[in-house]
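Me: Got a model open here and want to talk it through. Can you take my questions as they come?

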Amino acid sequence: MKLGFLVLLAINVLGCNAITVANQSPFIEAKLIGVWKGEHTEQGGTIKSWIQTRNADGTYTIEFSFTEPDETTKNFTESGRWWVQNDLFYEIALPDMAQPDKYKYSFGEKECVHFVLVESNALTEGIDAYSFRECLIADSPPASIGSSI
């Protein structure tokens with residue numbers, strides 16, 4: 001009887017540990033794959049808008065456009081890797097960043113996701129104040145496997 005109880009207890013403990021480890025493993029959230037449009041207005045009036053393509057292989061590209069209050073515009077591109085782990089969205093621009101930015105995320109409106117920055121090496125003040133929404137505008141382009149099949 002005691003042996004049976006110990007076996008069941010061991011299975012239960014090991015099973016819980018496996019679930020915990022699985023929850024901590026990085027993965028690609030299928031609902032975040034696609035082409036997304038976002039915008040954020042900073043306190044100084046700068047409007048940051050972007051189109052981000054998140055691919056199923058964990059890569060991303062962002063086309064940014066920053067418009068200053070005097071109407072000058074700066075455009076640039078960023079690319080890197082993304083994943084989800086421990087209920088947070090991670091994003092790292094390679095090779096520019098040493099550590100990824102981390103965001104809480106939630107799906108509210110249909111085909112839109114809300115992000116709140118929780119950790120960033122680039123932004124040290126007002127982290128919780130930086131939030132934005134992205135809305136899906138297209139499915140992700142098909143993965144490129146190679147030039148010959």
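Me: How many bridges join S1 to S8, and which way do they run?
Reply: Five bridges join S1 to S8, and the two strands run antiparallel. This is a predicted model, by the way.

Me: Which residue is the bridge partner of tryptophan 36 in S8?
Reply: Leucine 136 is the partner of tryptophan 36 there.

Me: And the sheet as a whole, what does it form?
Reply: A closed barrel of eight strands. The order is S1-S2-S3-S4-S5-S6-S7-S8, and the pairing is antiparallel. On average, neighbouring strands of this sheet are turned by 35° against each other, direction ignored.

Me: What else is in the fold besides strands?
Reply: One helix, alongside the eight strands. Along the sequence the pattern reads α-β-β-β-β-β-β-β-β.

Me: Back to S1. How many bridges does S1 share with S2?
Reply: Eight bridges, in the antiparallel sense. S1 covers residues 34-41 and S2 covers residues 47-54.

Me: Which residues sit across from each other there?
Reply: Lysine 37 has isoleucine 51 in S2 as its bridge partner. Glycine 38 stands opposite tryptophan 50 in S2.

Me: What does the connection between S1 and S2 look like?
Reply: The two strands form a hairpin, with five residues between them. Glycine 45 is in that turn and has a positive phi of about 100°.

Me: And from S2 on to S3, how many residues lie between them?
Reply: Four residues, again in a hairpin. Glycine 58 in the turn has a positive phi of about 90°. S3 spans residues 59-67, and eight bridges join S2 to S3 in an antiparallel run. One of the pairings puts arginine 54 with tyrosine 60 in S3.

Me: How many bridges hold S5 and S6?
Reply: Three bridges, antiparallel, between S5 at residues 88-93 and S6 at residues 101-107. Phenylalanine 89 stands opposite tyrosine 103 in S6.

Me: Quick general one. How do side chains point along a regular strand?
Reply: They alternate between the two faces of the sheet.

Me: Switching topic. How many disulfides are there?
Reply: One disulfide. Cysteine 112 and cysteine 135 form the bond, with their sulfur atoms 2.0 Å apart.

Me: Where in the chain are those two?
Reply: Cysteine 112 is in strand S7, residues 112-119. Cysteine 135 is in strand S8, residues 131-138. The pair links distant parts of the chain, 23 residues apart.

Me: Left-handed or right-handed?
Reply: The torsion about the S-S bond of cysteine 112 and cysteine 135 is about 105°, so the disulfide is right-handed.

Me: Are the two cysteines buried or exposed?
Reply: Cysteine 112 and cysteine 135 are both buried.

Me: Aromatics next. How many pairs?
Reply: The count is 15 aromatic pairs. Take tryptophan 83 and tyrosine 90: their ring centres are 5.2 Å apart and their planes meet at 10°, so the pair is stacked. Both tryptophan 83 and tyrosine 90 are buried.

Me: What about phenylalanine 115 and phenylalanine 132?
Reply: Those two rings are stacked, 5.2 Å centre to centre with 25° between the planes. Phenylalanine 115 lies in S7 and phenylalanine 132 in S8, so the pair ties together parts 17 residues apart in sequence. Both residues are buried.

Me: Which rings join up into a cluster?
Reply: Ring pairs link Trp50, Phe64, Phe66, Phe76, Trp82, Phe89, Tyr103, Tyr105, Phe107, Phe115, Tyr130 and Phe132.

Me: Which ring does the charged end of lysine 74 sit over?
Reply: The ring of phenylalanine 76, at 5.3 Å from the ring centre.

Me: Last bits. What share of the residues counts as buried?
Reply: 31% of the 149 residues.

Me: And the contacts, what share comes from residues 24 or more positions apart?
Reply: 34% of the contacts with a separation of 6 or more.

How values were computed:
Residues are numbered from 1 along each chain as its sequence is written. This is a predicted model: local features need pLDDT of at least 70, side-chain atom pairs count only at pLDDT 80 or more; totals for chains, interfaces and linings use all residues. Side-chain values use heavy atoms; hydrogens and water are left out. Two strands pair if DSSP finds at least two bridges between them. Axes are lines fitted to C-alpha atoms, for helices over the stretch in contact, and angles run from 0 to 180 degrees between N-to-C directions. A disulfide is a pair of cysteine sulfur atoms within 2.5 Å. Buried means under 20% relative accessible area, exposed over 50%, partly exposed in between (1.4 Å probe, protein chains only). Rings of Phe, Tyr and Trp (its six-membered ring) pair if their centres lie within 6.5 Å; planes under 30 degrees apart count as stacked, over 60 as edge-to-face and the rest as tilted. A charge sits over a ring if NZ of Lys or CZ of Arg is within 6 Å of the ring centre and within 35 degrees of the ring normal. Contact means heavy atoms within 4.5 Å.
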